[in-house]
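Dear colleague,

I am handing over the structure below, which you have not worked with before, and my notes on what was found in it follow. Please read them with the structure open beside you.

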Amino acid sequence: VHYVFDTTIAADFSILESQREFVQRYQRRNQEEHALPMFASACPGWIRYAERVLTNLVTPHICTAKSPQQIMGSLVKGYFARQQNLSPEKIFHVVVAPCYDKKLEALREDFYTALYNSQEVDCVLTSGEIVQIMEQKNVSMKDVAEVAVDSLFGEIKEGDVVRHDGKRSDGYLEHIFKHAAKELFGMDVKEITYKALKNKDFQEVTLEKDGETVLRFAAAYGFRNIQNMVLKLKKGKFLYHFVEVLACPGGCLNGKGQTQTEDGKPDKALLSQMEDVYAAIPVRLPEANVYVQKMYQDWLEGMDSRKVQETLHTKYSAVNQTASNLDIKW
């Protein structure tokens, strides 16, 4: 491995594009039938289920911003390849993720560039698989030296690893909520209060102005909550403007690629430990990343450019259900 990058910068782009899209959808809500609700697009398990099972009921509502994994693919095969004066197919790009569905996401046809015969992401390994590889090679974490991750921007090394707001994922709900409160209603929200509904994996957040609820967001994690959410949508009783949907109960930290015990069950003690480690990482707002702002101008030709749409967005649509060994077993 020649370079190791932190994908937080890709999540910065994904969150910023999701924020902007939500505000635009909200402003068009009376003109466009499918403008709201908007569903998050970062979880490939949810996306696959939506495209194959829920089809046109849901797909027009999915945010078009690419997931952090696929934006990282664009950064590595697009921006970084150009910096290194390399053709994209000369780079083999591996992503380490907590999730097996990320492997299927990397294979999507819209993430393949025919001109270079190259996928944006060539290989996905789960964090659990990395541990297995280390065990096979008899390498212990105690035996290896800790080094700083590389930067996409030349020879400098990245400083501390940072995270986004949110408890168990990249925090789309929190960032979009605060951004929408400011842009649409001129309100600065410092702290978000989650209200747990039927269970801790279905929570809502609301914004009130002059005694009226003007924004209603939800976080729905796990298949049971996704089903309940879809049922409400079918019945026309859907109150939410935005939902952060994640297929795994407990969110991405509880991804099946990392927290399983040997008998295949979630490791609650490990999940709790990871939540504590994750919470201790400093938060940086996507807007505060100077490299992101610079790349919008220098690489993407401005925030409203056609290149932004081509590089940072994709389309989600109903897929004809065919017998395939790649399909999810929910």
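**The sheet and its edges**

Five strands make up an open sheet, in the order β1-β9-β8-β7-β6 and with mixed pairing. Because β1 (38-39) and β6 (195-196) each have a single partner strand, they stand at the edges, and one side of each is left without a neighbour in the sheet. Please keep in mind throughout that this is a predicted model. At one of these edges, β6 pairs with strand β7 (residues 202-209) in the antiparallel sense, over two bridges, and Lys-195 stands opposite Glu-204 in β7.

**Salt bridges**

Glu-204 also has a charged partner, since its side chain meets that of Arg-216 in a salt bridge (3.4 Å, N to O). This pair links distant parts of the chain, with Glu-204 in strand β7 and Arg-216 in strand β8 (residues 212-221), twelve residues apart. Glu-204 has a relative accessible area of 10% and is therefore buried.

The structure holds 16 salt bridges, and two others may be worth a look. Arg-20 forms one with Glu-17, where the closest N and O atoms are 3.7 Å apart. These two residues are three apart in helix α1 (residues 8-27), so about one helical turn separates them, and both Arg-20 and Glu-17 are buried. In the other, the side chains of Lys-178 and Asp-165 meet (3.2 Å, N to O); because Lys-178 lies in helix α6 and Asp-165 in the loop between α5 and α6, the pair ties together parts that are 13 residues apart in sequence. Asp-165 counts as buried, at 14% relative accessibility.

**On the surface**

Lys-198, Lys-232, Lys-235 and Lys-237 form a positive surface patch. Among them, Lys-232 lies in helix α7 (residues 223-234) and, at 32% relative accessibility, counts as partly exposed.

A nonpolar patch on the surface is formed by Val-139, Met-141 and Val-144, which together have about 270 Å² of accessible area. Val-144 is found in the loop between α5 (127-136) and α6 (172-185), and its relative accessibility of 43% makes it partly exposed.

Finally, Val-290 lies in helix α9 (residues 290-298) and is exposed, with a relative accessible area of 62%. The C-alpha atoms of Val-290 and Leu-312 are separated by 18 Å, the two residues being 22 apart along the chain.

With best regards

Notes
Residues are numbered from 1 along each chain as its sequence is written. This is a predicted model: local features need pLDDT of at least 70, side-chain atom pairs count only at pLDDT 80 or more; totals for chains, interfaces and linings use all residues. Side-chain values use heavy atoms; hydrogens and water are left out. Patches are made of residues with over 30% relative accessible area and no salt bridge: like charges are joined within 9 Å, nonpolar side chains (Val, Leu, Ile, Met, Phe, Trp, Tyr) within 5 Å. Accessible areas come from the Shrake-Rupley method with a 1.4 Å probe; for residues, only the protein chains shown count as cover. A salt bridge is a side-chain nitrogen of Lys or Arg within 4 Å of a carboxyl oxygen of Asp or Glu. Lys and Arg count as positive and Asp and Glu as negative; His and the chain ends are not counted. The place of a charge is taken as NZ of Lys, CZ of Arg, CG of Asp or CD of Glu. Helices (H or I, at least four residues) and strands (E, at least two) are DSSP runs, numbered from the N terminus. Buried means under 20% relative accessible area, exposed over 50%, partly exposed in between (1.4 Å probe, protein chains only). Two strands pair if DSSP finds at least two bridges between them.
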